[in-house]
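Colleague: I would like to go through the ligand site and the cysteines of a model. Could you take me through how such features are read?

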Amino acid sequence: MAEIRTVGVVGLGTMGAGIAQVCAQAGVETIGVEVTEELGGRARERVAHYLGRGVEKGRLTGEERDAALARFRTTTDRGDLAGCDLVIEAIVEDLEAKRDLFRELDGIVAPEAVLATNTSALSVTEIARATGRPERLVGMHFFNPAPVLPLVEIVRTELAADGPYERAYAFAERAGKEPVRCRDTPGFIVNRILIPLLNDCVRVLDEAAVTPEDLDRAMRFGAGWPIGPCSLVDLIGVDIHVHASEALHAALGERRMAPPERLVRMAEAGELGRKSGRGFFTYESG
Ligand SMILES: NC(=O)c1ccc[n+]([C@@H]2O[C@H](COP(=O)([O-])OP(=O)(O)OC[C@H]3O[C@@H](n4cnc5c(N)ncnc54)[C@H](O)[C@@H]3O)[C@@H](O)[C@H]2O)c1
């Protein structure tokens, strides 16, 4: 299996910047693509910041930080992805936007490259069908924050060939992640289980008149969760969770999958969790 030396990451938002950091730390040349230079620059600053924090905490040396940063460059020109062995897409969660992007990549990226999407809730198969090489497209579903959480779901469509699928798996492993294999089904593994479970937790708040603090304590001290469900929804982002719930509900139709009214109201009110400074709990910096 040819080794992956250069990785492209398209979209450097919450996920893409983290994925680019993982790739650069794994020792591969990493090219990040954004829509404007300013957004690319901001993503690079975020990566530099997190790598710097890693040095402060003794997780990596100053030399390792500098080497990782030197391997990561950003661009607005998708043509710069021509030499990539793997391109990971992490743009907005919109099927047509993703299909357009992969159609365009067909004319840029070498035929033997591996294509990957980080979609959480869209069909990887539908995305793969937009390309002229659906057998080379896989799902690489990282979790937020990508540099911290080890899991990567390596999602296989019916159209995928063994070679690119196993290369994606091997790359995730080489990058220090814990990849798992799964088929292209709504929610894949973790979201299929976690989204309805978190929705149940939120419904219990009202049904059993529990405070968010006590619900979190209940699940931490009674079920051994490392973080309580309300804190977890705040961390994920209330809007992201609502969107993912709606997608899962639309795909599978179980009532538990639909977002609870309370979360829909919070999302509408801009109470999005950590990123807005207020969700179930309040946070100092938004
Ligand atoms: N946020 C999460 O917790 C999470 C977890 C796992 C997977 N995902 C998935 O990852 C993907 C990205 O999510 P996110 O939360 O990072 O979103 P985000 O909005 O933070 O980032 C998306 C970025 O993509 C850029 N972009 C949009 N169109 C582009 C294009 N055509 N070319 C280049 N850049 C483009 C935007 O400027 C933005 O910076 C989505 O598919 C999402 O479902 C998100």
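Modeller: The ligand site comes before the cysteines here. This is a predicted model, in which local features need pLDDT of at least 70, side-chain atom pairs count only at pLDDT 80 or more, and totals for chains, interfaces and linings use all residues. Residues are numbered from 1 along each chain as its sequence is written, and side-chain values use heavy atoms, with hydrogens and water left out.

Colleague: How many residues surround the ligand, and which are the closest?

Modeller: A residue counts if one of its heavy atoms lies within 4 Å of the ligand. Here 21 residues surround the ligand, the closest being Met15, Glu34, Glu93, Lys98 and Ser120.

Colleague: Which polar side-chain atom lies 2.5 Å from an oxygen atom of the ligand?

Modeller: A polar contact is a pair of N or O atoms within 3.5 Å. The 2.5 Å pair involves Glu34. An N or O atom in the Asn118 side chain is 2.9 Å from a ligand oxygen. The protein covers 80% of the 830 Å² of accessible area that the ligand has on its own (Shrake-Rupley method, 1.4 Å probe).

Colleague: How many disulfides does a search of the whole structure find?

Modeller: A disulfide is a covalent bond between the sulfur atoms of two cysteines. The criterion is a pair of cysteine sulfur atoms within 2.5 Å. The search finds zero. For Cys84, the nearest cysteine sulfur, that of Cys23, is 9.9 Å away.

Colleague: Why is Cys182 without a bond to Cys23?

Modeller: Because its sulfur is 19 Å from that of Cys23, the closest cysteine sulfur, which is too far. Cys182 is buried (under 20% relative accessible area, 1.4 Å probe, protein chains only) at 12%.

Notes
Polar contact = N/O pair within 3.5 Å; in protein donor to acceptor, adjacent residues only side chain to side chain. Buried < 20%, exposed > 50% of the residue type's maximum accessible area, 1.4 Å probe, protein only.
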